[in-house]
Amino acid sequence: MEGGKEQGMLVVTGLMAHQNPLEQLQAKFKEVEKGFKAWLDKQSMPVEAAVVTATGAVQGAAIGALMGTLTKDVSSSFPTPPQASLNHQAMASLKQAQALSGAPWVQARNFAVMTGVNAGLACVMKRLRGKEDVQSSMVAAFGSGAMFSLVSGMGGPNQAANAVTSGLFFALIQGVLFQFGQKLSQPAVEDMYYSRTRSMLNSLGLQNYEKNFKKGLLTDNTLPLLTDSALRDVKIPPGPRLLILDHVQSFSSTF
């Protein structure tokens, strides 16, 4: 009995030793992340918002520092003309270029504020509204855009107006991206009416004829009513027609 247990332990140890180190690291990271989220869900809203803001800021700082390092040479090539010789519009454009291509620590600061505020506001809005939707996402984006404008010094002397403008721009972009992502994550309405048809055709190896069913509007509800003439009308050859009709007859009770 003890020998069997020892042998089992040796097998398990051997499998762990041969496991990919990268897979082990990924599994450990997912375990830690799951535990962190479980702990965070139990906290009050102020605590959760503070933690989420801090972690978002750290991530943004890392991204900003990397971008600042990559664009360091570009930023050094910008000329620095006397401010008196520039109008307000030209000065604002120069500020925007400097904000997006500054030194690593400048970029780290700017992106830390932007991502931290976005994460914090998104967390608060989700707690208050009980859901994560486009309105909450746009509010978070507005706040992050406004704070990014203020901390980076973009927009010339009228900081307040530029902060609002930047916030609105960020909110608009975030709203469009959110809606686009929602559409991509949801199945097409048309496809919902052909789910059983698609499953049947795939099982028969006739998936190429799905477009024929859609062209003839032969939805899932019409499967029990299929006839040879109906399949012929949508240009399906005799062989596939026989297979489809045989399948429908065999599984008629499930339709």
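A residue counts as buried when its relative accessible area is under 20%. In this predicted model, Glu-210 sits at 15% relative accessibility and therefore falls on the buried side of that cut-off. Its partner is Lys-214: the two side chains meet in a salt bridge, 3.3 Å from N to O. Lys-214, with a relative accessible area of 22%, is partly exposed, so this pair straddles the 20% line. Both residues belong to helix H11 (residues 210-215), where being four residues apart puts about one helical turn between them.

The count of salt bridges comes to eight, and two more of them repeat this spacing within a helix. In helix H2, Glu-33 and Lys-37 are four residues apart, about one turn of the helix, and their side chains meet at 3.8 Å, N to O. Glu-33 is partly exposed, at 33% relative accessibility, and so is Lys-37, at 48%. Over in helix H12 (residues 228-233), Asp-228 and Arg-232 are again about one turn apart, with a salt bridge of 2.5 Å, N to O. Here too both ends are partly exposed, Asp-228 at 26% and Arg-232 at 45%. Elsewhere, Arg-129, Lys-131 and Asp-133 are joined into one network by salt bridges that share partners. As a rule, side chains of opposite charge can pair when their charged atoms come close.

Now for the nonpolar side chains. In soluble globular proteins these tend to be buried together. The largest nonpolar core here has twelve residues. Among them are Met-200, Leu-201, Leu-206, Phe-213, Leu-218 and Leu-223, along with Val-234, Ile-236, Ile-244 and Val-248. Helix H10 (195-204) and helix H13 (238-250) each supply at least two residues of this core. Leu-206, one of the core residues, touches Leu-201, Pro-240, Leu-243 and Ile-244, leaving aside residues up to four places away in sequence. A second core, separate from this one, has five residues, including Leu-40, Ala-49, Ala-119 and Cys-123.

Some nonpolar side chains end up on the surface instead. Phe-36, Trp-39 and Val-47 form a nonpolar patch there, with about 260 Å² of accessible area together. Trp-39 lies in helix H2 (residues 21-41), the helix that also holds the Glu-33 and Lys-37 pair. At 40% relative accessibility, Trp-39 counts as partly exposed, because exposed would require over 50%.

Definitions and conventions: Residues are numbered from 1 along each chain as its sequence is written. This is a predicted model: local features need pLDDT of at least 70, side-chain atom pairs count only at pLDDT 80 or more; totals for chains, interfaces and linings use all residues. Side-chain values use heavy atoms; hydrogens and water are left out. A nonpolar core is a set of buried Ala, Val, Leu, Ile, Met, Phe, Trp, Tyr and Cys residues joined through side-chain atoms within 4.5 Å. Buried means under 20% relative accessible area, exposed over 50%, partly exposed in between (1.4 Å probe, protein chains only). Contact means heavy atoms within 4.5 Å. Patches are made of residues with over 30% relative accessible area and no salt bridge: like charges are joined within 9 Å, nonpolar side chains (Val, Leu, Ile, Met, Phe, Trp, Tyr) within 5 Å. Accessible areas come from the Shrake-Rupley method with a 1.4 Å probe; for residues, only the protein chains shown count as cover. A salt bridge is a side-chain nitrogen of Lys or Arg within 4 Å of a carboxyl oxygen of Asp or Glu.
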